[in-house]
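Subject: Structure for your review

Dear colleague,

Please find the structure below, with its sequence. The findings follow directly after it.

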Amino acid sequence: MLRPIRGTVASNHSESLHWLYTATFISMLLIVPVFGWLVSKFRRGRFVPGIYLFFISNLVFFAFAFEGDATGNWIQYSFYVWLSVFNLFVVSIFWSFMADIFHPDQAQRLFGSIMAGGSLGAISGPLLTANWVEVIGSGGVMTLAVVCLLVATAMAVFLGRFERHQHQDQPAKIIGGSVWEGAVRVFKSKYLLLICLLMLSHNLTSTFLYTVSRYWLMRISLALMSAHGFLVI
């Protein structure tokens, strides 16, 4: 639902797109150590809903700050970077949470269905935005996204409590781990290194295709506008 809004921001500021990429990269470098510190200090039952509620509060701010074409450039820049960071963290937290509450047999049975649900959401979300943004505006779409995230947070709390109820004999533990510990584990495992290589290849390819496609779409749009102008004349 939110990516089309980010795409609109990118179209409005295509000349600054490389700076937005750079700002996203720097933001990731600054936030990941903070994320690792939080993970090492808080239990999962508090950490997961807390992170979701934090992002929800950010989105509420953007819902009120966006004013259509009158939205300030810095608000648009901030939203672009924020959504890029949010997109990484919310998916990472979701799958970490799933891996924690389901044992391997359950994962083999359920994760395919969960991924199918994610694919359906990735298809239906932009369609929903395309059909409703003219009626409720960007702020309305963000408000609807806030509602969806609140439902997801409530489900995460319910699943967490259900899992704890199933394992009452085990005390609640801090999630643990750190950025350096994760990096060391990656370099010690060929399997994890190959996963990182796959992610790097995917991101490089998708970023390249995204940039090239936006460039050619802009060129085609300008050509069509010019042709229409000549026809009118």
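In what follows, buried means under 20% relative accessible area, exposed means over 50%, and partly exposed covers the range in between (1.4 Å probe, protein chains only). By that scale, Leu 53 is partly exposed because its relative accessibility is 45%.

The model is a predicted one: local features need pLDDT of at least 70, side-chain atom pairs count only at pLDDT 80 or more, and totals for chains, interfaces and linings use all residues. Residues are numbered from 1 along each chain as its sequence is written, and side-chain values use heavy atoms, with hydrogens and water left out.

Overall architecture

The chain has seven helices and zero strands, where helices (H or I, at least four residues) and strands (E, at least two) are DSSP runs numbered from the N terminus. The order of the elements from the N terminus is α-α-α-α-α-α-α. The chain has 233 residues, of which 26% count as buried.

Contacts between distant positions

Leu 53 is located in helix α3. Its C-alpha lies 9.5 Å from that of Val 146, although the two residues are 93 apart in sequence. Ala 156, in helix α5, is buried, with a relative accessible area of 14%. The C-alpha atoms of Ala 156 and Phe 94 are separated by 8.8 Å, with their positions 62 residues apart along the chain.

Aromatic pairs

A pair of aromatic rings is described by the distance of the centres and the angle of the planes. Here, rings of Phe, Tyr and Trp (its six-membered ring) pair if their centres lie within 6.5 Å; planes under 30 degrees apart count as stacked, over 60 as edge-to-face and the rest as tilted. The structure contains 15 aromatic pairs. One of them joins Phe 62 and Trp 82, and it is tilted because the planes stand at 50°, with the ring centres 5.5 Å apart. This pair links distant parts of the chain, since Phe 62 belongs to helix α3 (residues 44-65) and Trp 82 to helix α4 (residues 73-101), 20 residues apart. Phe 62 and Trp 82 are both buried.

Trp 74 and Tyr 77 form an edge-to-face pair, with 5.4 Å from centre to centre and 90° between the planes. Both residues lie in helix α4, three residues apart, which is about one turn of the helix. Trp 74 is exposed, at 68% relative accessible area, whereas Tyr 77 is buried, at 17%.

One aromatic cluster is formed by Phe 54, Phe 55, Phe 61, Phe 62, Phe 66, Phe 79, Trp 82 and Phe 86.

Surface patches

Patches consist of residues with over 30% relative accessible area and no salt bridge; like charges are joined within 9 Å, and nonpolar side chains (Val, Leu, Ile, Met, Phe, Trp, Tyr) within 5 Å. A salt bridge is a side-chain nitrogen of Lys or Arg within 4 Å of a carboxyl oxygen of Asp or Glu.

Arg 43, Arg 46, Arg 161 and Arg 164 make up a positive patch on the surface. Arg 161 sits in helix α5 (residues 104-166) and is exposed, at 56% relative accessibility.

A nonpolar surface patch comprises Phe 25, Ile 26, Leu 29, Leu 30 and Ile 31, which together have about 500 Å² of accessible area. Accessible areas come from the Shrake-Rupley method with a 1.4 Å probe. Ile 26, a residue of helix α2 (residues 17-41), is partly exposed, with 43% relative accessibility.

Yours sincerely

Methods: Lys and Arg count as positive and Asp and Glu as negative; His and the chain ends are not counted. The place of a charge is taken as NZ of Lys, CZ of Arg, CG of Asp or CD of Glu.
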